[in-house]
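Trainee: Please take one part of this model and look at it closely with me, and then show me how that part relates to the rest of the chain.

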Amino acid sequence: MNRAVLFLHSYWAYLVVLIVFLATINALIGVFTKKPYGAKDFRISLFALICTHLQLLIGLVLFFVSDKIVWFSENVDMSLVMKNKMMRLYNVEHPLLMIIAVILITMGYSKHKKKLSSAPKFKTLAIYYTLALAAILYMIPWSIWI
Ligand code: HEM
């Protein structure tokens with residue numbers, strides 16, 4: 001179970017990084033070129049939302065089955081967990097910041113939908129998706145992932 005969920009989480013992450021990157025670049029291009037917002041722009045931002053939400057669900061399952069997560073083990077000294085870089089990353093930093101990234105994408109997506117013209121739509125997406133992308137890239141455990 002643990003290995004299957006980790007496998008899924010690990011490979012789905014490639015899609016998440018790729019699509020959030022493309023959606024962010026697309027929004028930034030929209031801001032700088034002042035092009036009209038179209039169906040393609042809507043689809044790419046929606047696809048980024050769906051992919052990250054699915055990764056959030058897989059991540060939540062992984063949180064309960066991974067042997068790197070010690071929250072549910074008995075006799076665990078959390079001060080020792082916080083002092084260990086890898087343990088702190090998996091138990092606290094990675095889940096927390098990734099959840100914040102998904103919230104940013106959700107906020108950016110829903111706020112941009114309420115804007116009526118192209119420029120504010122692209123601007124909203126660009127701000128929220130760039131912040132989310134930065135959080136995702138920062139919290140990926142690169143050394144053991146690739
Ligand atoms: C956009 C969201 C996320 C991305 C891109 C992402 C990406 C990754 C990557 C690349 C790994 C390393 C996989 C490997 O070792 O091959 C990983 C591990 C892990 N992630 Fe995420 N993650 C995300 C969200 C979450 C969330 C929301 C949680 C929990 C609530 C979570 C929990 C974990 C755990 C527990 C591990 C370590 C699993 C283990 O090695 O046993 N992730 N994640």
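Mentor: Let us begin with Leu-54, which is found in helix α2 (helices are DSSP runs of H or I with at least four residues, strands are runs of E with at least two, and both are numbered from the N terminus). Before going further, please keep in mind that this is a predicted model, in which local features need pLDDT of at least 70 and side-chain atom pairs count only at pLDDT 80 or more, while totals for chains, interfaces and linings use all residues. Residues are numbered from 1 along each chain as its sequence is written, and side-chain values use heavy atoms, with hydrogens and water left out.

With a relative accessible area of 36%, Leu-54 counts as partly exposed, a class that lies between buried (under 20%) and exposed (over 50%), judged with a 1.4 Å probe and protein chains only. Together with Ile-50, Leu-57, Leu-60, Ile-99, Ile-103 and Met-107, Leu-54 makes a nonpolar surface patch of about 560 Å² (nonpolar side chains within 5 Å of each other, from residues with over 30% relative accessible area and no salt bridge, that is, no Lys or Arg side-chain nitrogen within 4 Å of an Asp or Glu carboxyl oxygen). Two elements, α2 (39-65) and α4, give two or more residues each to this patch, and the largest share, four residues, comes from α2.

Helix α4, the partner of α2 in the patch, also takes us to the iron atom of the ligand, for His-94 lies in α4 (residues 85-114), whereas His-9, 85 residues apart from it, lies in α1 (residues 2-33). The NE2 atoms of His-9 and His-94 are the protein donors of the iron, lying 2.0 Å from it (donors are N, O and S atoms within 2.8 Å of the metal, or 3.2 Å for Na, K and Ca). His-9 is buried because its relative accessibility is 14%, and His-94 is buried at 14% as well.

Turning to the interior, the largest nonpolar core has 30 residues, and among those with the most contacts inside it are Ile-19, Ala-48 and Ile-105 (a core joins buried Ala, Val, Leu, Ile, Met, Phe, Trp, Tyr and Cys residues through side-chain atoms within 4.5 Å). Helices α1, α2, α4 and α5 (118-139) each supply at least two residues of this core, and α5 gives the largest share, 10 residues.

Finally, for the chain as a whole, there are six helices and zero strands, and buried residues make up 38% of the 146 residues.

Terms used: Patches are made of residues with over 30% relative accessible area and no salt bridge: like charges are joined within 9 Å, nonpolar side chains (Val, Leu, Ile, Met, Phe, Trp, Tyr) within 5 Å. Accessible areas come from the Shrake-Rupley method with a 1.4 Å probe; for residues, only the protein chains shown count as cover.
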